[in-house]
Amino acid sequence: MCGWSEYVEPVRQESLFWHGIWDDCGRPRTGVVADCMRRTRAKYHYTIRQVRKDESRIIRERFANALAGSSSRNFWIEVKKLRGNKASFSKVVDGCSDDQSISALFAAKYQELYTSVPYDPAELENIAGEVDDLISQSDGSTVVSSLRITFDDVVQAVGRLKPDKSDGLNVLSTNHVLLSCDMLYVHLSFLFTAMLIHGVAPRDFMLSSILPIPKNKLASVSNSENYRGIALSSILGKVLDHVLLCKYSDKLCTSEQQFGFKRQSSTNMCTLVLKETLSYYVSNRSNVFCSFLDVSKAFDKVHYCKLFRILIERKVPPGVIRILLNLYNGHAVRVM
C-alpha cells in the first residue's frame, strides 16, 4: 500500500503496543487500558481507510518530491513501487511439472552456460604455480602486512551491503551483519586475514544458490528461455568481496568506455551520449550510421585464465589472487 510506512505503520505500532499491554492485563473489558486499546485500534483502521482513499494524492506527492530533489533514482523507485515488481512463476516449465524436474532442467541449462567457455586446466595450474612462486619470492613480513585486513576495512565493507538480502543457504541475511556489534567485525578481520595468508576458504564461502526469475513479465513464464538466474552467495563472502574491492580499487579499475557495473556510473549515461550524438548530426542534416553488437550473456561467459592473468599483470597481491583461485576452483552451485 502506497504511504504505508509514512502514515499507517506508526499508528499500527501504537495499536500493537496498547494491545500488548491490554493482553498482559488480562484483557479487561472496561477501564483506561481497554479504552486506549480500542482507541488506538480504531485509529489504525481509520488510517488504513484514509490512506487507501488518498492513494493518488500520496503518489503525486512522492513524484513531486522526487523531482524537486533532483533525484532520478528516487523517482524511478517510486515508479517501480507503483507498477509493482512481483514476478509470477509457472508450475510447468518446458513440460516439466514437478519441483525436482524443473530444478534439474535449470541446473542443466546453467551448467552448460557457465562451462561454455573452455579453458586449459594446465594453463590454470601454471597460473597457480606462478602465484605460489610470487609468494615464495616475497619477504614474509611484507606478504603478511599487505594481506592484513583491519577492523576499519571490515566496517567500510559492511557499509556497502544492502539490507534484507539473504544468502544461498537461507541461514544469514545482510541484516545480521549490518545490525551486529563491533566484536563481530573484529573476528571477521581476523578470519579474512587468515584466509588471505593461508589461501584457504571455508566451504560455506564457496556455495551459491541460483534462483531463476522471469525476465519479461509479458512473455511466457512456462518457457525456460524467459528466466535469468540470480546467484545468492555467502553473506560473509560478500563482505570479503567488498573488502577486496575497497582495498585494491586502484588495481581493479575498468575502462572509461564501460558504463555499467561500476561506481557512480550507469548505462543511462551511455544511452544519453548516443542520443545526443544522433541529435547533433540529425539537427545538422547529416546521415548517421550505427552498428550494434549483441553479446549474449557476456558476463556469464568469462575466460577465467585471462582474468587471473590480468590480475597478475596489475600487481594485485599474489595472496589475494591465490584465495580467488581457490574460491573459483572450489565453487559449488545449486538451483532453487
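Q: In this predicted model, between which two helices is the loop that holds D164?
A: To place D164, look at the helices on either side of its loop. In this predicted model, one of them is α8, residues 151-158, and the other is α9, residues 174-178. D164 lies in the loop between α8 and α9.

Q: Is D164 buried or exposed?
A: The backbone of D164 has a phi near 65°, a positive value in a residue other than glycine. For its surroundings, turn to the relative accessible area, which is 60% for D164. Exposed means over 50%, so with 60% D164 is exposed.

Q: S173 is found in the loop between α8 and α9; is S173 buried or exposed?
A: Leaving out residues up to four places away in sequence, S173 touches K165, S166 and I235. Its relative accessibility is 14%. Buried means under 20%, so at 14% S173 counts as buried.

Q: R27 lies in the loop between α1 (4-24) and α2 (32-53); what is the value of its phi?
A: R27 is partly exposed, because its relative accessible area is 45%. Its phi is positive, and R27 is a residue other than glycine. The value is near 55°.

Q: F17 and W18 are an aromatic pair; is the pair edge-to-face or stacked?
A: By the pairing rule, the model has 8 aromatic pairs. In the pair of F17 and W18, the ring centres are 5.5 Å apart and the planes stand at 80°. Planes over 60 degrees apart count as edge-to-face, so the pair of F17 and W18 is edge-to-face.

Q: Which word describes the aromatic pair of Y110 and Y114?
A: A pair of aromatic rings is described by the distance of the centres and the angle of the planes. For Y110 and Y114, these are 6.1 Å and 20°. Planes under 30 degrees apart count as stacked, so the pair of Y110 and Y114 is stacked.

Q: About how many helical turns separate Y110 and Y114?
A: Both residues belong to helix α5, residues 99-114. Y110 is buried at 9% relative accessible area, while Y114 is partly exposed at 32%. Because they are 4 residues apart in the helix, their separation is about one helical turn.

Q: Which residues form one aromatic cluster with Y110 and Y114?
A: Y110 and Y114 are themselves an aromatic pair. The cluster also takes in two further names, and these are F106 and Y227.

Q: Is helix α6 roughly parallel or roughly antiparallel to helix α13?
A: The axes of α6 (residues 121-137) and α13 (residues 304-313) come within 10 Å and cross at roughly 20°. Angles under 35 degrees count as roughly parallel, so α6 and α13 are roughly parallel.

Q: How many nonpolar residues are in the contact of α6 with α13?
A: From α6 come E123, L124, I127, E130, V131 and L134, and they meet C305, F308, R309 and I312 in α13. Among the residues of this contact, no polar ones appear and 3 are charged. The nonpolar count is 7.

Q: Is α6 roughly parallel or roughly antiparallel to α14?
A: α6 and helix α14 (residues 318-329) pack with their axes 9 Å apart, at an angle of about 150°. Angles over 145 degrees count as roughly antiparallel, so α6 and α14 are roughly antiparallel.

Definitions and conventions:
Residues are numbered from 1 along each chain as its sequence is written. This is a predicted model: local features need pLDDT of at least 70, side-chain atom pairs count only at pLDDT 80 or more; totals for chains, interfaces and linings use all residues. Side-chain values use heavy atoms; hydrogens and water are left out. Rings of Phe, Tyr and Trp (its six-membered ring) pair if their centres lie within 6.5 Å; planes under 30 degrees apart count as stacked, over 60 as edge-to-face and the rest as tilted. Buried means under 20% relative accessible area, exposed over 50%, partly exposed in between (1.4 Å probe, protein chains only). Axes are lines fitted to C-alpha atoms, for helices over the stretch in contact, and angles run from 0 to 180 degrees between N-to-C directions. Angles under 35 degrees count as roughly parallel, over 145 as roughly antiparallel, 65 to 115 as roughly perpendicular and the rest as oblique. Contact means heavy atoms within 4.5 Å. Ala, Val, Leu, Ile, Met, Phe, Trp, Tyr, Cys and Pro count as nonpolar, Asp, Glu, Lys and Arg as charged, and the others, Gly among them, as polar.
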